[in-house]
Amino acid sequence: MLDADGVVRIWNKGAERLKGYAAEEIIGKSFSTFYTPEDREKDLPRMALATAAATGRFASEGWRVRKDGSRFWALVVLDAIRDEDGRVIGFAKVTRDITERQQAHNDLVESERRYRRLVEAVVDYAIFQLDPTGHVATWNPGAERIKGYRPEEIIGRHFSTFYTPEDLEKGVPTAALAEAAEKGRFEAEGWRMRKDGTRFWASVVIDRITDESGAIIGFAKVTRDLTERKRAQDELQRVQEQLVASQKLEAVGQLSGGIAHDFNNLLMIVLGNLENAERSSRNAGGPNLHRALANAKRGAQRAAALTSRLLAFSRRQALDPKPLNLNGFLSSLQEFLQRTLGERVEVQSVGGAGLWQIEADVNHLESTIVNLAINARDAMPNGGKLTIEAANVAVDENYSRANPELAVGQYVVICVRDTGSGMAPEVLQHAFEPFFTTKEPGQGTGLGLSQVYGFVKQSGGHVKIYSEVGEGTSIKMYFPRYAGSAQLNSDDAEELISEGTSVETILVVEDDADLRGYVSDVLRDLNYRVLSAGSAQAALTILLQQNQHIDLLLTDVVMPGINGRELGRRAQEIRPDLRVLYMTGYSRNAVIHQGRLDEGVDLLEKPVTQARLALKVREILDRN
């Protein structure tokens, strides 16, 4: 209790504990003793008594001083005490120590201040608050930078403004707030919209904000722009898919090559015996027999063509690449293609000044472009335009990273582009796979594009397809720039005599007994003396017999044990003047390396006709 002048008259135990004075130390002294020097200088004790006397009560919070000089934050109430006549005769004073509560409040204020300062400083994150209905309540500089809105443009608007039309249609904003309200947090990634209408890939977190009773008073929302990461991930996924597709094609190619080897041996026997039957039936037999033999031979030749395409896809065909000037090549090809495709398709070839040379097998390149042109014609049933264009291209590291099958370097790109129906994504995904076709049964084998793929890859290049439904198709073939100076030999080969003389001896080496017998019979019919062996070991035994004169070694390439290429090397060590001719249905890199025929190697690809065999044998035996 205080008297009317503010002098202490009564002092309880709580006052002694709180302020540190015993009763005898403080009774009789002014209550201003508890005020800080600053507050006494401002005359706050007198003003407090005056307010209580005038209004009946004075209440405030502020710093007070204990006996030991320490301070505490006090909640103070002064009530006026009056006599019967209403005169003030003293005051009842209650003081509470609320230092801890005040410290907590101060800490909260400081924390909020630091939080606001942090949020204002962050520019890589959009950090803002939503009210319970999802309307924007605060907006930091990061949000302005990422989304493009100034605070005055967006505060008060609904956060669904940032969602794409597709997500709005699906009700994604509503579902996001509902999940945050129910579970406390919503997290997702997806496309969001900026003020200018562009999209960015966003990582979004929405946290629920509640009061002490658990009622939702709003949401805290953090958005990060992860567009660059998303692009990098998409690019990595695309590259991985390309590698998987490449590995798949490689595995199928290995299988295809093995099948082609055995199939070519069988076809050579079938075609050879059909040729024999045709010759034997020329002077006998009726038209039905002639027609049957012709149909059988045509069917076998079609099977041989399919096998050749399988070898092209598996990159096991024997290429004989030569330097090639594409300007002249494409110019001469344009006229042929125009005649082949008909008047409804306009054919245009585009070369260029300074076009680099490439090194390629001319026959296979021509076959490849004709193949693509026919596919283009089929995709333009009502007519259209086919453009074949060649251009120099330098592949840098960025492009090589995105297309790992294409090394950094200089290339000439041959682009075959049509205005046809284009391909759907699911068709494009399988376009290079062998036997994949969208044509009706019997209308195509599905080996056309796979043959293109195999030829370009075996030539050291790369091939890509760009196509959209209704927008046509572009196929780009990358061929490495040729840096050498060799020129293509255009001299025509002289016509050679196909038959031999009985004094010329040929050693035939073939592990397939039926094919060995057939080839030997053909050569004997051509007036050659023939020796035969079923393996390289048996052939070496014959070669070591000095009494046996041998002019030509005709050997299969793929054989168990010692292959034909190794046999040829050993044979020429034993007999340096021996001529060697190889036959193969599947080389397995024995005579073909880096996509080309080894230097100095003569090769016949199975199945070979009797006429072709006779011409090649005669050519080698007559060579100086």
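**Entry 1. Low-confidence stretches**

I began with residues 440-447, where the pLDDT stays under 50. In this predicted model, that stretch has 15 contacts beyond four places in sequence. I then turned to residues 488-497, where the pLDDT is also below 50. Beyond near neighbours in sequence, residues 488-497 have six contacts in the model. Where pLDDT is low, the predicted coordinates should not be read in detail. I therefore took no detail from either stretch, following that caution. For the chain as a whole I noted an average pLDDT of 83, with 82% of the residues scoring at least 70.

**Entry 2. The chain overall**

I counted 20 helices and 22 strands in the secondary structure of the chain. Of its 624 residues, 42% are buried. I looked up how far apart in sequence the contacting residues lie: among contacts with a separation of 6 or more, 60% join residues 24 or more positions apart. The accessible surface comes to about 33,000 Å², and carbon and sulfur atoms contribute 50% of it.

**Entry 3. Nonpolar cores**

Which residues have the most contacts inside the largest nonpolar core? I found Leu-326, Leu-365, Ile-369 and Met-477, in a core of 39 residues. I followed Ile-369 further. Apart from neighbours within four places in sequence, Ile-369 contacts Phe-329, Leu-330, Leu-333, Leu-337, Ile-388, Ile-414 and Met-477. A second core, separate from this one, has 23 residues, including Val-608, Leu-613, Val-617 and Leu-621. In soluble globular proteins, nonpolar side chains tend to be buried together.

**Entry 4. Helix α12 and strand β12**

I checked Ser-331, which belongs to helix α12 (residues 326-341). Its relative accessible area is 48%, so Ser-331 is partly exposed. Ser-331 lies 57 residues from Ile-388 in sequence, and their C-alpha atoms are 9.9 Å apart.

I next examined Ala-391 in strand β12 (residues 384-395). Ala-391 counts as partly exposed because its relative accessibility is 31%. Its contacts, neighbours within four places in sequence left aside, are Leu-355, Tyr-411, Val-412 and Val-413. For Val-413, I noted a C-alpha separation from Ala-391 of 5.4 Å, with the two positions 22 residues apart along the chain counted as their distance apart.

**Entry 5. Helix α18 and its surroundings**

Which residues of helix α18 (residues 536-543) are buried? I recorded Ala-536, Ala-539, Leu-540, Ile-542 and Leu-543. Seen down the axis of α18, these buried residues fall within an arc of 160°, so they line one face of the helix. They pack against β16 (505-509), β17 (529-533) and α19 (564-574).

I also looked at strand β19 (residues 579-584), which is mostly covered, with five of its six residues buried. Strand β18 (residues 552-556) pairs with β19 in the parallel sense over five bridges. Leu-553 has Val-580 of β19 as its bridge partner.

**Entry 6. Strands β5, β7 and β8**

I found that β8 (residues 216-225) is joined to β5 (residues 125-130) by six bridges, the two strands running antiparallel. Here Ile-127 has Val-222 of β8 as its bridge partner. Strand β7 (residues 199-210) also pairs with β8 in the antiparallel sense, over nine bridges. In this pair I noted Ala-202 bridged to Asp-225 of β8. Five residues lie between the strands in the hairpin of β7 and β8, where Gly-214 takes a positive phi near 95°.

**Entry 7. The open sheet β1-β4-β3-β2**

In what order do the strands of the open sheet lie? I read four strands in the order β1-β4-β3-β2, with antiparallel pairing. The edge strands are β1 (2-3) and β2 (57-65), each of which pairs on one side only. Strands β3 (residues 71-82) and β4 (residues 88-97) run antiparallel and are joined by nine bridges. The bridge partner of Arg-82 is Val-88 in β4.

**Entry 8. Asp-167**

Is Asp-167 buried or exposed? I had placed Asp-167 in helix α8 (residues 165-170). Asp-167 counts as buried because its relative accessibility is 16%, below the 20% limit for that class. Apart from neighbours within four places in sequence, Asp-167 is in contact with Val-172, Pro-173, Trp-191 and Arg-192.

Technical notes: Residues numbered from 1 in each chain as written. Predicted model: local features only at pLDDT ≥ 70, side-chain atom pairs only at ≥ 80, totals over all residues. Heavy atoms only, no water. Buried < 20%, exposed > 50% of the residue type's maximum accessible area, 1.4 Å probe, protein only. Contact = heavy atoms within 4.5 Å. Areas by Shrake-Rupley, 256 points an atom, 1.4 Å probe, with all protein chains shown as cover. Arc of directions from axis to C-beta. Core = buried A, V, L, I, M, F, W, Y, C linked by side-chain atoms within 4.5 Å. Pairing = 2+ DSSP bridges. pLDDT = per-residue confidence, 0-100.
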